[in-house]
Amino acid sequence: LRRFAATDAKEISSSCPAPWLLWLDADVFVTVQEDWASRLINENPGARLIGSRHSGGDGIINTGAVLVKCGAWASDFLTRWWTHPAASAESTDQYVLGKLIEAGADDEFFRILPVQAMNCDTFWWNSFVPGNSPVLHLMNTPNSVREALGARILAQTAVVRASQAAWLKDGEIWSISLAEKCCVTQHTRSSSSSDSAIASEP
């Protein structure tokens, strides 16, 4: 990531295919077709690192989804982030980033957005809005549930791409039950038989 970020935006090469890099944790799913990353970049001129505020106690920005602008500043900042004394003390990357933000030396380049702008609340099942939230971040979730929901999301994405339809059609509601065995049920508002509720238990 440091190598990619070091590439100046005006000299984009095969090692850095775009002016901005989007980091997503392995448990983050993009859930809308809208190009929300470009929109956030355009809405925040002058920014070099964009992220959503973390709603928990570990840090300021949730590092599950972060936008970083390629260039010398990014390379220097990422080096400072990963070589910070707190990092060698086995603190989380999120906590260390919070320390750097608190130091105030790079304030002009940070943009800390509301939680739902590009992430979820710590208890994501209370904040994720299907068709509106750009990502689903399955933090604080057992791996068994992550795998079950991930399989369901990927399967739905495959169907959507095959039919060239929208990711979440109007009128659809996703309800997520975090029981011992995860059950995801898709409901539709239509009363016709073809639009009846579909239940799946991975």
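Is Lys-99 buried, partly exposed or exposed, and what is its relative accessibility? In this predicted model, Lys-99 has a relative accessibility of 34% and therefore counts as partly exposed. The side chain of Lys-99 takes part in a salt bridge with Glu-102, for which the closest N and O atoms are 3.9 Å apart, a separation that falls within the 4 Å cut-off applied to such pairs. Both residues belong to helix H5, where a spacing of three residues places Lys-99 and Glu-102 about one turn of the helix apart. Glu-102, with a relative accessible area of 56%, is classed as exposed, because the exposed class begins over 50%.

The pair formed by Lys-99 and Glu-102 is one of the salt bridges in the structure, which holds six in total. A further salt bridge joins the side chains of Arg-80 and Asp-106, with an N to O distance of 3.1 Å. This pair links distant parts of the chain, since Arg-80 lies in helix H3 (residues 72-82), whereas Asp-106 is found in the loop between helix H5 (93-103) and strand S5 (110-113), the two residues being 26 residues apart. With regard to solvent accessibility, Arg-80 is partly exposed, its relative accessible area being 28%, while Asp-106, at 5% relative accessibility, counts as buried. The assignment of Asp-106 to the buried class follows from its value of 5%, because that class comprises residues under 20% relative accessible area.

Salt bridges also connect Glu-34, Arg-39 and Glu-43, which are linked in a network. Within this network, Arg-39 forms a salt bridge with Glu-34, and the closest N and O atoms of that pair are 2.6 Å apart. Arg-39 is partly exposed, at 32% relative accessibility, and Glu-34 is likewise assigned to the partly exposed class, with a relative accessible area of 42%. Both assignments hold because the values of 32% and 42% lie between the limits of 20% and 50% that bound the partly exposed class.

Beyond the salt bridges, Pro-45 was examined with respect to its position and surroundings. Pro-45 is located in the loop that runs between helix H2 (36-43) and strand S3 (49-53), and at 62% relative accessibility it counts as exposed. In sequence, Pro-45 and Arg-111 are separated by 66 residues, and in space the C-alpha to C-alpha distance between them is 9.6 Å.

Methods: Residues numbered from 1 in each chain as written. Predicted model: local features only at pLDDT ≥ 70, side-chain atom pairs only at ≥ 80, totals over all residues. Heavy atoms only, no water. Buried < 20%, exposed > 50% of the residue type's maximum accessible area, 1.4 Å probe, protein only. Helix = DSSP H or I, 4+ residues; strand = E, 2+ residues; numbered from the N terminus.
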